[in-house]
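Biologist: Please take one part of this model and go through it closely, from its ends to its packing partners. Short answers suit me, with the cut-offs spelled out.

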Amino acid sequence: MAEDNPPEIVRPFHDVWLRPRRVARELASTPVGRADYLLGAAQGILNWLVLSRVQSVGATAGVGTILGRALVVGPLAGIVGMYLMAAVYLRLGRRLGGTASRAQLIHVLAYSGAPMLASLLLWLLTAALAGRAVFFASPRAGLEPFVLLLLRLQIIVHGILVGWSLLLQVMGLSEAERLPIGRTFGVWVLGQALVLLALLLLRMLLLTALSHPLPA
């Protein structure tokens, strides 16, 4: 009598890179845990570093200050953002016949960020080698050729990893929601657009409030 083959062990962080659907199925009944929070926090730190580059924060702050702010603000922002996007996708998915739970969506959002964690490590390494030059929107004049090449390679690799992460997210959402890829992509695009619109509206309200201070 032939022995049954033992079930293959699923390693979520390892397998999600190439098998996001399988990881989504494996974690479907698992409650939100420490790994989800850690991955969400790492994405928040990375987003803060990206924002620092876009705003050329390197012109007014050192690497230590920028990284310190990222470690303080980034984790909370990443976790809150993860729950916010899960709530948005939950509502949109239900309207289109999706069946995912909030926990399933958080798993997808967290583990699809595995490439973002790799990008975060790359950012930290680049900052250690290139210093404040990493946090300028465009390369400054007079940079050494090695530093300039390093910054360009880092930008390219970061873009590839972000694209990979978004692909994993859409595929994971499709599995969790039990929806076709095309419909899931529509949910993803609409969710991103709604959150971006909300952030822009919030920014406008804050700028308006700051430009009209309360009378003494």
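Modeller: First, the accessibility terms: buried means under 20% relative accessible area, exposed over 50%, and partly exposed in between (1.4 Å probe, protein chains only). This is a predicted model, so local features need pLDDT of at least 70 and side-chain atom pairs count only at pLDDT 80 or more, while totals for chains, interfaces and linings use all residues. Residues are numbered from 1 along each chain as its sequence is written, and side-chain values use heavy atoms, with hydrogens and water left out.

The part to look at is helix α3, together with the loop after it. Helices are DSSP runs (H or I, at least four residues), numbered from the N terminus. α3 covers residues 34-54, which is 21 residues. From first C-alpha to last, α3 reaches 30 Å. That is close to the expected 30 Å, taken as 1.5 Å times one less than the number of residues.

Now the buried face. Near the start of the list come Asp36 and Leu39, both buried. Then follows a buried run: Gly40, Ala41, Ala42, Gln43, Gly44, Ile45 and Leu46. Leu49, Ser52 and Arg53 are buried too. These buried residues pack (contact: heavy atoms within 4.5 Å) against five helices of the model: α1 (12-15), α4 (63-95), α5 (102-111), α6 (114-130) and α7 (145-177).

Next, the exit. Ser56 follows α3 and sits in the loop between α3 and α4. Its phi is near 50 degrees, a positive value in a residue other than glycine. Most residues other than glycine have a negative phi. Ser56 counts as partly exposed because its relative accessibility is 23%. A parallel case is Arg178, also not a glycine, with a positive phi of about 60 degrees. Arg178 lies in the loop between α7 and α8. At 58% relative accessible area, Arg178 is exposed.

Two of the partner helices, α4 and α7, lead on to the nonpolar cores. Such a core is a set of buried Ala, Val, Leu, Ile, Met, Phe, Trp, Tyr and Cys residues joined through side-chain atoms within 4.5 Å. The largest nonpolar core has 26 residues. Tyr89, Leu105, Leu109, Tyr111 and Leu173 touch the most other members. α2, α4, α5, α7 and α8 each supply at least two residues of this core. α4 gives the most, seven residues. Take Tyr89 as a sample. Leaving aside neighbours within four places in sequence, Tyr89 is in contact with Leu105, Leu109, Gln169, Leu173, Glu177, Val187, Trp188, Gly191 and Gln192. A second, separate core has 20 residues, including Val57, Ala61, Trp123 and Val134.

Val57 also gives a distance check on α7. Leu161 belongs to helix α7. Leu161 and Val57 are 104 residues apart in sequence and 23 Å apart in space, C-alpha to C-alpha. Leu161 counts as buried, because its relative accessibility is 11%. With neighbours within four places in sequence set aside, the contacts of Leu161 are Trp17, Pro115, Ala118 and Ser119.

To recap: α3 is a helix of 21 residues. Its buried residues pack against α1, α4, α5, α6 and α7. After α3 comes Ser56, with its positive phi.
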